[in-house]
Amino acid sequence: MKERVLIICDDDLTSEMLVNALGGGEFELITTSEAGEGLSLARRLDPDVIIVDSCLDGGRGVELCQSVKSEIALSHIPIILLVANARSSIRLESFSGTIDDFILKEQIFRPNFSSLIRNLIARVELNANMNPLTGLPGDEIVRKRIVSALRSGEQFSVGYADIDNFKPFNDAYGFSRGDQVILMVARTLKNSLRKYGTAGDFLGHLGGDDFVLVGNPYTMRDVAAEAIRVVRQNAPGFYDSRHRQMGGIEGLDRDGNKRFFPFLSLTVAIVDIDASYVNPTPEQITRLAVKIKRRLKFLGGNTFGGYEVLLRN
């Protein structure tokens, strides 16, 4: 599917240059010379990127960009502002929250101009799917990474990491301290991958206390074991002294029953895949991981394991 590019420019020569530079069949191009129509087209067509001439309507191109970004339904669309010279881009730096990138008009003539546009779209999509707390890739990028691993035809493992006893901790101590725990776990998983993983291993954050690792099947268990060890070592430091002495906290479980919850820990459900032999969907991998995780939690958590745990009596 072609990326849709909306060009809003009332200078015929500049508009023609853009169409010539991007019109090789790589993009679906929509052009207009009027700001009002451009805003209407953005609402109706949801383009992948909008290119606006800063000189539009007597120099009111930035105002149009602000109008687009002020609408919740349009604010996700990346905007490129065409400027006449470098001094213009410096003068407009204060609008960096409104404009995603500046491009000099002279750059339109460069052979790689279409690549600049495509790279910007990819960069904005990536930033939009990064977890705001940890800065790790979110669910859509995780899914794409798993699909890429499946298409490789090679062996790989997917590890689903989940913080044990996190909900009662969050209920007792609040979101701020809960976020500190999530950041600690994110750092721990990163460091464990650096220590025991291999080049190309991947870490994503689905949200909340759920993380996903994709990587070498021969090192995934070492990564999981190291992360579990470090989380277990650091967990007591997040509790008040009274709870440290108790070894945990009392709270309500998911059924509303009051019970004791030991210190935070980590459980990692591992799904090993040989993509040359089987070709599951990401959803099927997730469902299997959920079954493994439930079994590990039933056994007490604070551990890791793969399909073999489902075979135990």
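**Pocket lining and two positive-phi residues**

The lining of the largest pocket splits into 7 nonpolar, 5 polar and 8 charged residues. That makes a lining of 20 residues, and those nearest the pocket centre are Asp-164, Asn-165, Arg-254, Arg-259 and Lys-297. Three elements each put two or more residues into this lining: strand 6 (155–164), helix 8 (166–173) and strand 10 (258–262). As for its size, the largest pocket comes out at a volume of about 590 Å³. All of this is read from a predicted model.

Away from the pocket description, the backbone has a couple of spots worth a look. Asp-46 is not a glycine, yet its phi is positive, at about 45°. This residue sits in the loop that runs between helix 2 (35–45) and strand 3 (49–53). Is Asp-46 buried, exposed or partly exposed? Its relative accessibility is 42%, and because buried means under 20% and exposed means over 50%, Asp-46 counts as partly exposed.

Asn-302 is another non-glycine residue with a positive phi, here about 55°. Its place in the chain is the loop between helix 12 (282–298) and strand 12 (304–305). With a relative accessibility of 27%, Asn-302 also falls between those two cut-offs, so it counts as partly exposed.

Methods: Residues numbered from 1 in each chain as written. Predicted model: local features only at pLDDT ≥ 70, side-chain atom pairs only at ≥ 80, totals over all residues. Heavy atoms only, no water. 1 Å grid on protein atoms, 1.4 Å probe; cavity = no way out; pocket = protein on both sides within 12 Å on 5 of 7 lines; lining within 4 Å. Points joined across faces, edges and corners; volume = space filled by probe spheres on them. Helix = DSSP H or I, 4+ residues; strand = E, 2+ residues; numbered from the N terminus. Nonpolar A, V, L, I, M, F, W, Y, C, P; charged D, E, K, R; others polar. Buried < 20%, exposed > 50% of the residue type's maximum accessible area, 1.4 Å probe, protein only.
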